Amino acid sequence: MKLYVAPLIYCFLIPTVFADDENGGLKKDTAPPPPHALDEGYRGTENARIMTVKQAKSMHDGATISLRGNLIDGQGDDKFVFRDKTGSIHTLIPLSVFDGRTVKPDQMISINGSLDTKTQPPVVRVNRIQK
């Protein structure tokens, strides 16, 4: 009986050892790169569907948006500012979308979501983040 208890205890202790103190989200310990230095490499067929913030702001309400750039600021709860070479836009990113991943301002990410132009300024409601 004692032989079965020790492995069972270890099964419960091991996940806590590898767990982060945070649940993901934006970690603001590094400065984002300046807009003119947001160079990106070739990423295959994904480039065909990526647009700029400037293009996204001119689209209709409910449009599907795919952007590549940096999360530069968190404004409380699920509100963030996203920036690429052409400008910045406000985003709503629920904690569940981060899925436990931490994003730093200097990391290039891709976001997918829908544009909400009913609010001023326009907001992207993000449903997917890719590092």
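Modeller: Before we start, one term: two strands count as paired if DSSP finds at least two bridges between them. Also, this is a predicted model.

Biologist: Okay. Which strands make up the closed barrel?

Modeller: Five of them, in the order β2-β3-β4-β7-β6, and the pairing is mixed. From one strand to the next, the twist averages 55 degrees.

Biologist: And what else is in the chain, how many helices and strands?

Modeller: The protein chain has three helices and seven strands. Going along the sequence, the pattern reads α-β-α-β-β-β-α-β-β-β.

Biologist: How confident is the prediction, on average?

Modeller: The mean pLDDT of the protein chain is 80, with 70% of its residues at 70 or more.

Biologist: Where is confidence lowest, and where is it highest?

Modeller: Lowest in helix α1, residues 2-18, with a mean of 59. Strand β4, residues 87-92, is at the other end with 95. Where pLDDT is low, the predicted coordinates should not be read in detail.

Biologist: Back to the barrel. How do β6 and β7 pair?

Modeller: Strand β6 covers residues 109-116 and strand β7 covers 123-130, and they pair in the antiparallel sense over seven bridges. A hairpin of six residues joins β6 to β7.

Biologist: Which residues face each other there?

Modeller: Glycine 113 is opposite valine 126 in β7, and serine 114 has arginine 125 of β7 as its bridge partner.

Biologist: What about β2 and β6, parallel or antiparallel?

Modeller: Antiparallel: six bridges join β2, residues 64-74, to β6. In that pairing isoleucine 65 stands opposite glycine 113 of β6. So glycine 113 has isoleucine 65 across from it in one pairing and valine 126 in the other.

Biologist: Why is β6 described as largely enclosed?

Modeller: Because seven of its eight residues are buried, β6 is largely enclosed by the rest of the structure. For the protein chain as a whole, buried residues make up 31% of the 131 residues.

Biologist: Switching topic: how many salt bridges does the structure hold?

Modeller: Two. In one of them, the side chains of aspartate 61 and lysine 118 meet, at 3.8 Å from N to O.

Biologist: Where do aspartate 61 and lysine 118 lie?

Modeller: Aspartate 61 is in the loop between α2 (53-57) and β2, and lysine 118 is in the loop between β6 and β7, so the pair ties together parts that are 57 residues apart in sequence.

Biologist: Is lysine 118 buried or exposed?

Modeller: Lysine 118 is exposed, with a relative accessible area of 70%. Its partner aspartate 61 counts as partly exposed, at 32% relative accessibility.

Biologist: And which residue does aspartate 116 form a salt bridge with?

Modeller: Arginine 125, and the closest N and O atoms are 2.8 Å apart. Remember that arginine 125 is also the bridge partner of serine 114.

Biologist: Is aspartate 116 buried or exposed?

Modeller: Aspartate 116 counts as buried, at 11% relative accessibility, since the cut-off for buried is under 20%. Arginine 125 comes out as partly exposed, at 41%.

Biologist: Last bit: what share of the contacts is between residues 24 or more positions apart?

Modeller: In the protein chain, they account for 62% of the contacts with a separation of 6 or more.

Biologist: And what about the surface, how many Å² does the protein chain expose?

Modeller: About 8,400 Å², with carbon and sulfur atoms supplying 56% of it.

Definitions and conventions: Residues numbered from 1 in each chain as written. Heavy atoms only, no water. Helix = DSSP H or I, 4+ residues; strand = E, 2+ residues; numbered from the N terminus. Axes fitted to C-alpha atoms, helices over the stretch in contact; angles between N-to-C directions. pLDDT = per-residue confidence, 0-100. Buried < 20%, exposed > 50% of the residue type's maximum accessible area, 1.4 Å probe, protein only. Salt bridge = Lys/Arg side-chain N within 4 Å of Asp/Glu carboxyl O. Contact = heavy atoms within 4.5 Å. Areas by Shrake-Rupley, 256 points an atom, 1.4 Å probe, with all protein chains shown as cover.
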